[in-house]
Amino acid sequence: MEKSYRNKIFVLTEFRGERFHPISFELLGKGREIAERLDGELCAIVMGSNVSRDSCMNLIYYGADRIFLYDSPLFSDPNVINFKHNLVKLVEEEKPDIILIGATHFGRSLAPRVAAALKTGLTADCIDLEVDEKGELIQIRPAFTGNILAHIKTKTKPVMTTVRYKVMSAGKMDLERKGSIVVKKAEEPKERNVKFVGKYGVRKLNIADADVIVSGGRGLGSPEGFNLLKELADLLGGVVGSSRTPVDEGWIGKEHQVGFSGNTVKPKLYIACGISGSPQHLAGMKDSETIIAINVDPSAPIFKVADYGIVGDLYQIIPLMIKEIKARKVEKS
Ligand SMILES: Cc1cc2nc3c(=O)[nH]c(=O)nc-3n(C[C@H](O)[C@H](O)[C@H](O)COP(=O)(O)OP(=O)(O)OC[C@H]3O[C@@H](n4cnc5c(N)ncnc54)[C@H](O)[C@@H]3O)c2cc1C
């Protein structure tokens with residue numbers, strides 16, 4: 001006999017190319033926790049082109065009870081209108097209580113359209129979700145430039161929320177978990193109101209997935225300082241990050257920005273060079289595994305979160321680091 005649940009929780013997965021974006025598993029991890037608290041059914045929505053059954057089974061192993069699978073060429077490119085149309089229709093049929101969407105570029109574009117069509121609220125960019133004693137979802141997100149954490153309840157149903165990438169963890173894979181896959185037929189929207197002109201300007205840098213980030217701030221003094229950081233990042237197999245100041249100054253592109261209004265990162269190694277450590281910057285990198293800070297000011301707040309602090313001029317210290325790493329590489333070869 002089919003199990004009956006008191007609640008239904010939707011997680012919108014992101015299928016790109018041939019695999020799921022890791023945010024899908026992070027959302028399932030949190031979705032599972034919420035489902036356990038609310039006696040809920042956790043449903044994963046898959047919209048993609050050429051989605052294999054094996055990859056869908058993975059979603060079950062990571063916590064989903066039921067999968068709604070839309071496998072259609074309509075979803076081969078990130079045209080949000082196709083996604084919106086089918087997701088809204090499914091929500092109207094299935095009436096979930098909660099919908100979780102990743103706060104990726106795609107999710108940030110899709111979620112408000114879906115919320116508007118459903119005439120429901122949306123809490124964007126959450127960094128945590130909890131269930132209170134009344135069984136209501138508490139959506140936690142930074143407010144007032146990251147100085148406080150707002151706890152938000154939504155009055156309208158379904159409760160819709162987008163969740164930042166890399167702030168939650170996937171659950172443990174359980175190969176014994178059972179679930180069902182419901183194959184749905186994708187429908188092409190009649191009214192588009194938006195013309196999709198094609199894909200271009202694909203961003204090469206995905207700072208959120210990097211294992212090593214060498215980040216620069218105002219202390220670099222000029223855009224040329226990033227050349228030095230790039231040399232160190234290349235030697236370590238990493239990428240260059242930035243605080244907001246160099247981005248605002250036009251020294252480097254916004255896709256490099258780490259922090260409250262930029263990317264949230266969790267690399268194995270984060271090297272902060274000439275960055276003071278404002279709350280807005282820390283919001284995006286404090287969970288890095290190892291943090292090294294280089295700053296001339298021993299009282300800079302960045303040293304409070306750093307595992308290793310170097311007080312000194314980055315233009316003296318980084319060339320020494322580069323020299324040492326190169327020497328070790330020569331020794332090894
Ligand atoms: C709504 C809002 C959102 C924001 N979002 C973000 C965000 O996403 N990310 C972000 O980073 N900021 C963000 N900010 C801006 C934030 O408040 C700070 O202004 C910013 O982080 C400061 O950048 P910084 O550390 O590079 O510069 P500063 O605070 O000016 O620090 C520069 C540091 O460099 C050191 N220094 C100087 N010369 C050298 C040298 N030669 N060698 C070594 N150290 C040196 C100085 O001692 C100083 O500590 C936001 C602000 C607002 C209001």
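This report describes the two domains of a predicted protein model, and then two single residues and one helix.

Residues are numbered from 1 along each chain as its sequence is written. Because the model is predicted, local features need pLDDT of at least 70 and side-chain atom pairs count only at pLDDT 80 or more, while totals for chains, interfaces and linings use all residues, and side-chain values use heavy atoms, with hydrogens and water left out.

**Domains and their interface**

The chain is divided into domain 1 (7–184) and domain 2 (207–332), with bounds that come from an automatic or database domain assignment. Taken over C-alpha atoms, the centres of domain 1 and domain 2 are 33 Å apart. The size of an interface is often given as the accessible area lost when the parts come together. The values for this interface are listed below.

| Domain 1 – domain 2 | Value |
|---|---|
| Residues in contact (heavy atoms within 4.5 Å) | 9 of domain 1, 10 of domain 2 |
| Buried area (accessible area, 1.4 Å probe, lost on being put together, summed over both parts) | about 930 Å² |
| Share of buried area from carbon and sulfur atoms | 43% |
| Salt bridges (side-chain nitrogen of Lys or Arg within 4 Å of a carboxyl oxygen of Asp or Glu) | 0 |
| Residue pairs in polar contact, both at pLDDT 80 or more | 5 |

A polar contact is a pair of N or O atoms within 3.5 Å; within protein, one must be able to donate a hydrogen and the other to accept it, and residues adjacent in sequence count only if both atoms are side-chain atoms.

**Two buried residues**

Helices (H or I, at least four residues) and strands (E, at least two) are DSSP runs, numbered from the N terminus. Gly-259 is found in the loop between helix H6 (244–248) and strand E15 (269–273). Gly-259 counts as buried (under 20% relative accessible area, 1.4 Å probe, protein chains only) because its relative accessibility is 0%. Leaving aside residues up to four places away in sequence, Gly-259 touches Arg-164, Gln-280, His-281 and Gly-284.

Ser-24 belongs to helix H1 (residues 23–38) and, at 0% relative accessibility, also counts as buried. The Ser-24 side chain reaches the backbone oxygen of His-21 at 2.9 Å. With residues up to four places away in sequence not counted, Ser-24 touches Val-11, Thr-13 and Glu-14.

**Helix H5**

In helix H5 (residues 225–235), the buried residues are Gly-225, Phe-226, Leu-228, Leu-229, Leu-232, Ala-233 and Leu-235. Their cover includes strand E13 (212–216), strand E14 (239–242), H6, E15 and helix H9 (314–332). After H5 comes Gly-237, with a positive phi near 70°.

Key:
Buried area = accessible area lost by both parts, 1.4 Å probe. Buried < 20%, exposed > 50% of the residue type's maximum accessible area, 1.4 Å probe, protein only.
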